[in-house]
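Biologist: Could you pick one part of this model and take me through it slowly? I'd like to see how the pieces around it fit together, with your cut-offs spelled out as you go.

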Amino acid sequence: GAVVPPDGMLVLNADDASLCAKSAGLAGRFGHCPPLAWFAADADDPRLSAHRAGGGSTCGVRAGRLVLAHGGVEHDLGEIARMPLTVGGRAAYNVANLAAAALAAVGLGVPAATVAGVFGRFGERVTDNPGRMMRFERNGVQVLVDYAHNPEGLAGLLEVATSLRAEGGRLGLVLGHAGNREDSDIERLAATAAQFAPALVVVKELEGYLRGREPGEVPRILREALLRAGLPGQSLPVHATEIEAVRRALEWGRPGDVLALPVHGLAARAAVLELLQA
């Protein structure tokens, strides 16, 4: 609210209870409240419906389609399952991101038809969104390369990965963390991974991100947390570099499996992409 001019537009998530609660006090806190635009998973969420009735801008999903209301006009932006960033509608967090981006775009004067066109194709090519939800198939194995580096991001990635498994397919992933985090943050990442019952977790050192930690310290914390969560030790190999960890996961995969590969180093990601595109 502080950086949005009175004639601007502030885009807010109606599925976030804290944002909903605090939005009413914006004027009191900043001296003004710019026009609000609300997005939600459900286009007919009560807050969105009431906001539209008052002439406000909203965006959400109705009957599998992303629907935008702006300037008193409703726009059908297309079927979410056909928007590449949603991975067939599976990536709920990217549906929310698209809804927010649609509101921001029309607020800046981009025509709704242009937004719909971009949403229908952006993410088809690996180069569209480097490091984020890049999909490959390798010898019958679905491979997802993503930058997920916190529990929320990892959970979103693994939800998509789980939904892509064939019948009888297994989930495998590589897991590492930067050293400049509390032990509890590192353990929480491991606990998130364990919730998805992966058949393999290749614990990796982020060789360029030790940030004050001793070599091997972060992998040890991760592996111990995974063991405490009930994963068997034989499914938790450790590797000293990201590319070695990815190679181990690729060697393990068989048709029907899905591999989630959060890769963080730029050089490592380039090597992984070269390997997957070979």
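Modeller: What follows is a walk around strand β11, the sheet it belongs to and the helices packed on that sheet.

Some housekeeping before we start: this is a predicted model, so local features need pLDDT of at least 70 and side-chain atom pairs count only at pLDDT 80 or more, while totals for chains, interfaces and linings use all residues. Residues are numbered from 1 along each chain as its sequence is written, and side-chain values use heavy atoms, with hydrogens and water left out.

Let's start with the sheet. It's an open one of six strands, in the order β6-β7-β11-β8-β9-β10, and the pairing is mixed. Helices (H or I, at least four residues) and strands (E, at least two) are DSSP runs numbered from the N terminus, and two strands pair if DSSP finds at least two bridges between them. At the edges sit β6 and β10 (238-239), each pairing on one side only.

Now zoom in on β11. Five of its five residues are buried, where buried means under 20% relative accessible area, exposed means over 50%, and partly exposed is in between (1.4 Å probe, protein chains only). Val258, Ala260 and Pro262 point one way, Leu259 and Leu261 point the other way, and all are buried.

What does β11 pair with? On one side, β7 runs parallel to β11 and five bridges join the two; you can find valine 145 standing opposite leucine 261 there. β8 is also parallel to β11, with three bridges, and glycine 172 has leucine 259 as its bridge partner in β11. Glycine 172 turns up again one strand further along, opposite leucine 200 in β9. That fits the next pairing, in which β8 (residues 171-175) and β9 are parallel over four bridges.

Helices cover this sheet too. α8 packs on it and touches β8, β9 and β10, its direction making about 155° with that of β9. Axes here are lines fitted to C-alpha atoms, for helices over the stretch in contact, and angles run from 0 to 180 degrees between N-to-C directions; contact means heavy atoms within 4.5 Å. Helix α6 (residues 151-164) lies across β6, β7, β8 and β11, and runs at about 160° to β11.

Leaving β11 (258-262), you enter a loop that leads to α10 (266-277), and histidine 264 is in that loop. Is histidine 264 buried or exposed? Its relative accessible area is 8%, so it counts as buried. Its side chain reaches the backbone oxygen of alanine 148 at 3.0 Å. The histidine 264 side chain also makes a polar contact of 3.5 Å with that of lysine 204. (A polar contact is a pair of N or O atoms within 3.5 Å; within protein, one must be able to donate a hydrogen and the other to accept it, and residues adjacent in sequence count only if both atoms are side-chain atoms.) Leaving aside neighbours within four places in sequence, histidine 264 is in contact with Tyr147, Ala148, His149, Lys204, Leu206, Tyr209 and Glu242.

On to α10. With twelve residues at 1.5 Å each it should span 16 Å, and its end C-alpha atoms are 16 Å apart, which agrees; the expected span is 1.5 Å times one less than the number of residues. The buried residues of α10 are Ala268, Arg269, Val272, Leu273, Leu275 and Leu276. Seen down the helix axis, they fall within an arc of 160°, so they line one face of α10; the arc is that of the directions from the helix axis to the C-beta atoms. These buried residues pack against β6 (134-138), β7 (141-146) and α9 (242-252). On the face turned away from the buried side you'll see the exposed residues Leu266, Ala267, Glu274 and Gln277.

One last stop is the loop between β9 (200-204) and α8 (217-228), which holds arginine 213. Arginine 213 is buried, because its relative accessible area is 14%. Its side chain makes a polar contact of 2.9 Å with that of glutamate 217. Beyond its neighbours within four places in sequence, arginine 213 is in contact with residues including Gly179, Arg181, Glu182 and Asp183, as well as Val218 and Ile221.
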